[in-house]
Amino acid sequence: MNWYLQKSLEKQWKNASLSNNFIFCRVMSENLDLCKDFLEMLLNIQIERLQLSEAEKTIDIDFLSKGVRFDVYVKDGTGRCFDIEIQTTDRRNLPKRARYYQGILDISNLNQGFDYEELHESYIIFLCLDDVFRKGLPIYTFRNVCSEDGKTPLNDGTVKVFCNARKYDKMPTERLRTFFRYLLENKTDNSSFAKSLEEKVMRAKIPAEQWRTQMTLEQEMYFIKKHAREDGYAEGYRVAVAEKEEAVKEALQEKEKAVNEALQEKEQAVNEEKLENARKLKDFGVSEEIISKCTGLSLQQVQEL
């Protein structure tokens with residue numbers, strides 16, 4: 001790879017923050033406590049727990065239908081679905097995209113033979129770095145209401161939310177203001193929440209495998225765009241970018257899966273070593289409380305040996 005291009009990509013990765021699509025998806029999907037806290041603040045709802053989290057979840061309805069890839073897809077314990085999209089550039093057709101995404105959510109969550117009553121609430125959330133509707137609001141929340149009286153709700157359980165990060169100072173809570181300021185400007189304050197956000201972003205950037213894969217993606221995108229511009233084939237450019245992006249992201253998911261499996265195996269080996277050490281200490285008559293402190297195992301685990 002061209003040396004100057006490599007240095008440019010390295011600098012981009014070094015400066016990348018929460019507004020980077022890859023980092024955002026990783027941070028929100030791997031930190032369910034943060035995701036839960038954010039959804040509760042933004043939507044003013046209570047969530048007992050989030051039990052499902054997938055980054056860049058792909059749903060294909062059938063061969064002829066347009067598939068979608070949700071940035072961050074989560075469910076809570078009641079079956080409510082949340083799709084969180086980070087939108088840093090293209091603002092075209094966001095309302096219709098939200099409409100289509102909500103329909104796909106419903107189709108994917110209602111199995112054949114089930115009653116429509118089984119459809120749970122679904123939320124489509126776009127986090128935008130700009131004001132989509134140009135009305136100066138920090139948050140735009142849409143629910144279906146009767147046009148004639150302006151107050152009778154349809155109660156179909158669908159909600160669409162568009163956030164305007166540029167109005168972070170008008171967000172309803174201090175933590176939301178901190179979140180969106182960091183998203184927009186990559187700036188934090190001295191609050192524990194801001195420091196926690198920055199720490200999670202740094203952790204998402206640490207694994208060398210993630211850096212290499214992301215750089216490969218950026219490199220491929222650069223050369224595809226360059227060659228497409230030189231050849232002057234606009235349609236070929238769009239198709240090539242989409243196909244290559246899909247292939248590289250699939251490779252990224254496979255590599256990430258392999259890394260996670262390796263980490264799980266390592267963690268299992270460490271736990272087995274702790275158990276073996278605990279058994280030896282127990283054979284020597286060491287008290288269960290001391291064994292627990294020395295090995296890091298819970299008292300219950302020691303008692304079950």
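**Stop 1: helices H5 and H6**

Start by selecting residues 174-185, which form helix H5, together with H6; in this predicted model the two helices pack at an angle of about 35 degrees, and their axes are 10 Å apart. Turn the view until one helix sits in front of the other, and you will be looking at a right-handed crossing. To see what makes the contact, show side chains: H5 brings Arg175, Thr178, Phe179 and Tyr182, while H6 brings Phe193, Ala194, Leu197, Glu198 and Val201.

Stay on H5 for a moment and pick Glu185 and Arg181. Their side chains meet in a salt bridge, with an N to O distance of 3.4 Å. Both residues belong to helix H5 and sit four residues apart, about one turn of the helix. Colour the pair by accessibility, if you like: Glu185 counts as partly exposed at 31% relative accessibility, and Arg181 counts as partly exposed at 29%.

**Stop 2: Lys200 on H6**

Now move along to Lys200, which lies in helix H6, residues 192-205. Which side chain of opposite charge is nearest to Lys200? That is Asp33, 4.4 Å away. A salt bridge needs a side-chain nitrogen within 4 Å of a carboxyl oxygen, and Lys200 is buried yet has no salt bridge.

What does Lys200 have instead as a polar partner? Select Ser196: a polar contact of 2.8 Å joins its side chain to that of Lys200. Then display the surroundings of Lys200, setting aside residues up to four places away in sequence, and you will find that it touches Val27, Asn31, Asp33 and Leu34.

**Stop 3: helix H3**

Next, select residues 32-43, the span of helix H3, and highlight Glu40 and Lys36 within it. The two are four residues apart, about one turn of the helix. They form a salt bridge whose closest N and O atoms are 3.2 Å apart. Is each partner buried or partly exposed? Glu40 is buried, with a relative accessible area of 17%, whereas Lys36 is partly exposed, with 23%.

Leu32 is also in helix H3. Its relative accessible area of 28% makes it partly exposed. Measure from its C-alpha atom to that of Arg49 and you should read 8.6 Å, for two residues 17 apart along the chain. Leaving aside neighbours within four places in sequence, the contacts of Leu32 are Leu50, Ser53 and Val74.

**Stop 4: Asp76 on strand S2**

Two names now lead onward: Leu50, a contact of Leu32, is also touched by Asp76. Select Asp76 in strand S2, which covers residues 68-76. With a relative accessible area of 1%, Asp76 is buried.

Which side chains make polar contacts with the side chain of Asp76? One is Thr78, at 2.8 Å, and another is Arg80, at 2.7 Å. Widen the selection, again not counting residues up to four places away in sequence, and Asp76 is seen to touch Ile47, Arg49, Leu50, Gln51 and Phe82. Arg49 is the residue you have just used for the C-alpha distance to Leu32.

**Stop 5: helix H8 and a network**

Jump to helix H8, residues 234-283, and pick out Glu276 and Arg279, three residues apart, about one turn of the helix. They form a salt bridge, with the closest N and O atoms 3.5 Å apart. Glu276 is partly exposed, at a relative accessible area of 36%, and Arg279 counts as partly exposed at 39% relative accessibility.

For a last selection, show Asp130, Arg134 and Arg166 together: these residues are linked in a network of salt bridges.

**Zoom out**

Finally, bring back the cartoon for the whole chain. How many helices and strands does the chain have? There are 10 helices and six strands. Of its 305 residues, 36% count as buried, and a search of the whole structure finds 10 salt bridges. If you draw a contact map, look away from the diagonal: among contacts with a separation of 6 or more, residues 24 or more positions apart account for 58%.

Terms used. Residues are numbered from 1 along each chain as its sequence is written. This is a predicted model: local features need pLDDT of at least 70, side-chain atom pairs count only at pLDDT 80 or more; totals for chains, interfaces and linings use all residues. Side-chain values use heavy atoms; hydrogens and water are left out. Buried means under 20% relative accessible area, exposed over 50%, partly exposed in between (1.4 Å probe, protein chains only). Lys and Arg count as positive and Asp and Glu as negative; His and the chain ends are not counted. A polar contact is a pair of N or O atoms within 3.5 Å; within protein, one must be able to donate a hydrogen and the other to accept it, and residues adjacent in sequence count only if both atoms are side-chain atoms. Contact means heavy atoms within 4.5 Å. Axes are lines fitted to C-alpha atoms, for helices over the stretch in contact, and angles run from 0 to 180 degrees between N-to-C directions. A crossing is left-handed if the near helix is turned anticlockwise from the far one by less than a right angle, and right-handed if clockwise.
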